Amino acid sequence: MKAIQYKDYGNSAVIAQVEVPAPSIQSGNELLVQVKASGVNPIDIKIRMGQMKAARPVQMPFTPGGEIAGIIIAIGDQVTRFKVGDEVIALTKTNGYAEYVTVNENFLVLKPQDLSFVEAASIGVNIGTAQCVLFMAGKLEKGQRVLIQGGAGAAGGAMVQMAKAAGAYVIATASGKGVELAKSLGADEVINYKLYDVTDFVNNVDLAVDTAGGEGQAKLFSILKQGGTLLSIVVPPSQELAEQHKVKASFVASNILAQTLENGIELIKNGIFKPVVSKIFKLSEAAIAQDFLTAGGVNGKVVLTVD
Ligand SMILES: NC(=O)c1ccc[n+]([C@@H]2O[C@H](COP(=O)([O-])OP(=O)(O)OC[C@H]3O[C@@H](n4cnc5c(N)ncnc54)[C@H](OP(=O)(O)O)[C@@H]3O)[C@@H](O)[C@H]2O)c1
């Protein structure tokens with residue numbers, strides 16, 4: 001089968017398309033999926049650059065790809081929830097940039113019928129991360145004020161939609177065409193962070209979520225109400241600033257299982273949540289796709305199609 005691999009850490013020049021044997025089911029609760037589309041995530045790039053050696057060590061040669069959509073072509077003898085021919089979304093963690101991948105059934109959900117494979121490959125990490133951050137860690141409730149830093153990004157855009165659907169008052173930061181996108185996803189207010197300082201416009205927030213990292217994170221402490229919460233999915237927030245501002249602050253590493261996706265999938269089926277695909281590339285263009293994401297200014301998910 002065709003797969004994307006690299007043998008060394010480095011820039012996108014290390015990426016190559018190769019022919020390798022297709023994987024086979026190794027345990028009773030695994031399934032073999034023919035990949036139709038594969039989502040490209042910032043972590044794919046961080047791993048390739050060698051920035052995740054401690055947290056996510058990988059064996060070379062390595063095939064990236066944490067989320068896919070495809071068709072089940074074989075199932076292990078203990079699989080109960082799926083059958084051959086089912087169209088699914090899978091959180092693969094790795095190996096998703098390939099024609100076939102094996103997945104444990106705990107990381108698989110049925111693809112909503114109305115979604116294309118490309119749309120389906122764009123949502124797993126986003127809705128799973130949003131669920132972990134907003135509701136599992138952030139305990140967001142109806143009527144609360146939430147700010148999403150990076151509200152037009154892949155993960156941030158999902159958070160805007162899911163927070164709004166839960167009845168929160170949603171404020172987003174974004175730039176350029178992302179301002180209109182964040183509004184269209186349901187944000188009640190959008191601050192263009194390149195033109196304005198969020199601290200001049202926003203206060204009394206129950207939950208602030210940082211999906212962007214960088215210097216902007218420190219500003220989020222002062223917009224929180226006392227006792228509020230700052231959560232980051234990029235870098236651990238300062239505990240010193242948290243104490244100073246009398247708020248809670250922590251890093252969230254989302255642990256996405258099939259059940260973590262249920263809320264987002266339900267919103268999709270009800271037409272409330274819309275997948276946002278920024279750009280589609282072929283599997284053979286994986287290096288270009290990763291560079292496109294690295295360049296920034298990307299609103300929504302970058303997806304590879306696998307034919
Ligand atoms: N911990 C976890 O479990 C977890 C899960 C998923 C993702 N992540 C991480 O979360 C980050 C975002 O992922 P993603 O897939 O959403 O990436 P993405 O689609 O590239 O989104 C990042 C967004 O941040 C915006 N941004 C950049 N600088 C900003 C600033 N100073 N203020 C406000 N917004 C700013 C960008 O907008 P413009 O460039 O257009 O201005 C972009 O829309 C990545 O670092 C990823 O690795 C972590």
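1. Helix α4 and the ligand shell. In this predicted model, α4 gives the most to the shell around the ligand, with three residues. Helices α1 (42-48), α3 (124-137) and α4 (154-165) each supply at least two residues of that shell.

2. Who surrounds the ligand. The shell holds 30 residues. The closest are G150, G153, A155, A212 and S254. One of these, A155, can be looked up within the bounds of α4 (154-165).

3. Chemistry of the shell. By class, 17 of the shell residues are polar and 13 are nonpolar. No charged residues appear in the shell. Keep the class scheme in mind when reading the polar count: Gly is counted there.

4. Position of the ligand shell. Domain 1 (2-123 + 275-305) and domain 2 (126-251) both contribute residues to the shell, so it lies between them. Anyone looking at the site should therefore keep both domains in view.

5. Domain layout. The chain is divided into domain 1, made of 2-123 and 275-305, and domain 2, which runs over 126-251. The C-alpha centres of domain 1 and domain 2 lie 28 Å apart. Seven residues of domain 1 are in contact with 10 residues of domain 2. On the domain 1 side of this contact, three residues are nonpolar, three are polar and one is charged.

6. Overall fold. The chain has 10 helices and 15 strands. Its radius of gyration is 19 Å, close to the 19 Å that the globule rule gives for 307 residues, so the chain is as compact as a globular protein of that length. Along its principal axes, the C-alpha trace spans about 55 × 40 × 35 Å.

7. Burial and contact range. Of the 307 residues in the chain, 48% are buried. Take the contacts between residues at least 6 apart in sequence: 64% of them join residues at least 24 apart.

8. The nonpolar core. The largest nonpolar core has 89 residues. V33, V146, M159 and A182 have the most contacts inside this core. Helix α4 provides the largest share of the core, seven residues. Domain 1 and domain 2 each give the core at least three residues. Helix α4 thus has a part in two places: it gives the most to the ligand shell, and the largest share of this core is also from α4.

9. M159 in detail. Which residues does M159 contact, leaving aside its neighbours within four places in sequence? They are A130, V133, L134, I148 and V209. M159 is also one of the core residues with the most contacts inside the core.

10. A cis peptide. M60 and P61 are joined by a cis peptide bond, with omega of about -10°. P61 is found in the loop between α1 and β4 (67-75). Helix α1 is also one of the helices supplying at least two shell residues.

11. K93. This residue has a positive phi of about 70°, although K93 is not a glycine. K93 is placed in the loop between β5 (87-91) and β6 (100-104). Buried or partly exposed? K93 has 16 C-beta neighbours inside 10 Å, so K93 counts as partly exposed.

12. N204. Here too the residue is not a glycine, yet phi is positive, at about 60°. N204 is in the loop between α6 (198-201) and β11 (205-210). N204 is exposed, because 10 other C-beta atoms lie within 10 Å.

Terms used: Residues are numbered from 1 along each chain as its sequence is written. This is a predicted model: local features need pLDDT of at least 70, side-chain atom pairs count only at pLDDT 80 or more; totals for chains, interfaces and linings use all residues. A residue is near a molecule or strand if its C-beta atom, placed from the backbone, lies within 6 Å of it. Helices (H or I, at least four residues) and strands (E, at least two) are DSSP runs, numbered from the N terminus. Domain bounds come from an automatic or database domain assignment. The radius of gyration is taken over C-alpha atoms; the globule rule is 2.2 Å times the number of residues to the power 0.38. A residue is buried if 20 or more other C-beta atoms lie within 10 Å of its own, exposed if 12 or fewer, and partly exposed in between; C-beta atoms are placed from the backbone. Two residues are in contact if their C-beta atoms, placed from the backbone, lie within 7 Å. A nonpolar core is a set of buried Ala, Val, Leu, Ile, Met, Phe, Trp, Tyr and Cys residues joined through C-beta atoms within 7 Å.
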